[in-house]
Amino acid sequence: MSKSPRRLRRGELPVDTTELAQFLIGKTLVRDHPQGRMTGRIVETEAYVVGDAACHAFRGETPRNRALFLERGHAYVYFIYGCWHALNVCGEVAGVGAGVLVRAIQPIEGIEIMRSRRDGQRDVDIARGPGRLATALDIDRRLNGTDLCADGPLWLAGSLGPAGRIARSRRIGLSREIDRKLRFFESDNPHVSGPRAP
DNA sequence: TCACTGATCGTCT
DNA sequence: GACGATCAGTGAG
């Protein structure tokens with residue numbers, strides 16, 4: 001079955017990280033996994049931009065954040081709080097460290113596979129939040145550096161339908177740069193994590 | 001429904 | 001040695 005739309009080309013992705021964060025709302029994330037294909041509609045993102053003290057790349061390149069400096073459209077996967085992984089899409093040009101945290105998806109295809117990994121959670125909670133999303137799609141550091149615009153285990157595809165109304169707010173869970181409004185989400189979508197109000 | 005907290009470990013200071 | 005782009009469970013109101 002090929003419910004998924006076509007793969008996104010790198011040339012279609014905005015170079016600017018903030019624009020990329022908005023662009024990705026409503027697009028499709030595809031996980032080709034040994035157990036089967038899982039897809040979801042991206043409903044919530046956050047931009048971590050150049051010169052942003054909350055961005056992992058702010059203090060320069062290290063072994064941990066190296067993938068964040070890849071050309072836009074690559075995956076940066078990191079491990080946090082000793083428990084969770086989170087998925088970012090690199091922004092900007094090669095050598096510049098910036099990216100978009102994918103915070104939530106609306107499960108579309110392979111929901112049973114995701115649910116089994118998420119211990120039978122309700123559909124709305126399966127991938128609501130970056131740690132839950134990574135768990136549901138079996139994303140870990142093996143996928144760090146993956147090209148999301150190429151054939152592989154994880155890639156980006158176009159929209160399945162028009163995006164809903166996109167709202168903007170402060171980012172979640174930060175202690176620095178807390179006033180920057182770089183979180184984008186579909187305001188009427190129940191699969192979004194955190195507060196719905198700007 | 002909201003606020004608070006422990007879990008847990010890789011990374012950098 | 002401290003802390004973090006989180007989550008689930010608990011208890012109070």
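## Two DNA strands and a pocket

A polar side-chain atom of Thr62 sits 2.2 Å from a phosphate oxygen of DNA strand B. That's a good place to start walking through this model, which is predicted. Thr62 has company around DNA strand B: the other residues there are Arg64, Phe79, Tyr81, Gly82, Cys83 and Arg141. Sorted by class, the surface near DNA strand B comes out as three nonpolar, two polar and two charged residues.

What part of DNA strand B does the protein face? Of the strand's atoms within 4 Å of the protein, 79% are sugar or phosphate, and bases make up the rest. The Thr62 contact goes to a phosphate oxygen, while Tyr81 offers an example on the base side: a polar backbone atom of Tyr81 is 2.3 Å from a base oxygen of DNA strand B.

Now swing over to DNA strand C. There are 20 residues around this strand, and Tyr78, Tyr81, Asn88, Arg118 and Arg132 come nearest. Tyr81 is a name you've already met, since it is also listed around DNA strand B. For DNA strand C, sugar or phosphate accounts for 51% of the atoms within 4 Å of the protein, with bases supplying the rest.

The individual contacts with DNA strand C are worth a look on screen. Asn88 puts a polar side-chain atom 2.3 Å from a base nitrogen. Trp84 has a side-chain N or O atom 3.0 Å from a base oxygen of the strand. For the backbone of the DNA, check Arg103: an N or O atom in its side chain lies 3.3 Å from a phosphate oxygen of DNA strand C.

Which elements build this surface? S3, S4, S5 and H4 each put in at least two residues near DNA strand C, and H4 has the largest share, with three residues. By class, the surface near DNA strand C holds 10 nonpolar, seven polar and three charged residues.

Next, hide the DNA and look for empty space. The largest pocket has a volume of about 710 Å³. Its lining runs to 30 residues, and those closest to the centre are Tyr48, His56, Tyr78, Gly173 and Leu174. Two or more lining residues come from each of strand S2 (36-48), strand S3 (75-80), strand S4 (84-90), strand S5 (99-109) and helix H4 (130-136). S4 gives the most, with four residues. Sort the pocket lining by class and you get 16 nonpolar, nine polar and five charged residues. Tyr78 links the two parts of this tour: it is among the residues closest to the pocket centre and also among those that come nearest to DNA strand C.

Tyr48, from that same central group, leads on to the rings. The charged end of Arg171 sits over the ring of Tyr48, 4.6 Å from its centre. Something similar happens at Phe23, where the charged end of Lys27 sits over the ring, 4.1 Å from its centre. As for rings paired with rings, a search of the whole structure turns up one aromatic pair.

Definitions and conventions:
Residues are numbered from 1 along each chain as its sequence is written. Chains are lettered from A and ligands numbered from 1 in the order in which they are written. This is a predicted model: local features need pLDDT of at least 70, side-chain atom pairs count only at pLDDT 80 or more; totals for chains, interfaces and linings use all residues. Side-chain values use heavy atoms; hydrogens and water are left out. On a 1 Å grid over the protein atoms alone, a cavity is a set of points where a 1.4 Å probe fits but cannot get out, and a pocket is an open set with protein on both sides within 12 Å along at least five of seven lines; lining residues have an atom within 4 Å of a point. Grid points are joined across faces, edges and corners, and a volume is the space filled by probe spheres set on the points. Ala, Val, Leu, Ile, Met, Phe, Trp, Tyr, Cys and Pro count as nonpolar, Asp, Glu, Lys and Arg as charged, and the others, Gly among them, as polar. Rings of Phe, Tyr and Trp (its six-membered ring) pair if their centres lie within 6.5 Å; planes under 30 degrees apart count as stacked, over 60 as edge-to-face and the rest as tilted. A charge sits over a ring if NZ of Lys or CZ of Arg is within 6 Å of the ring centre and within 35 degrees of the ring normal. A residue is near a molecule or strand if one of its heavy atoms lies within 4 Å of it. A polar contact is a pair of N or O atoms within 3.5 Å; within protein, one must be able to donate a hydrogen and the other to accept it, and residues adjacent in sequence count only if both atoms are side-chain atoms.
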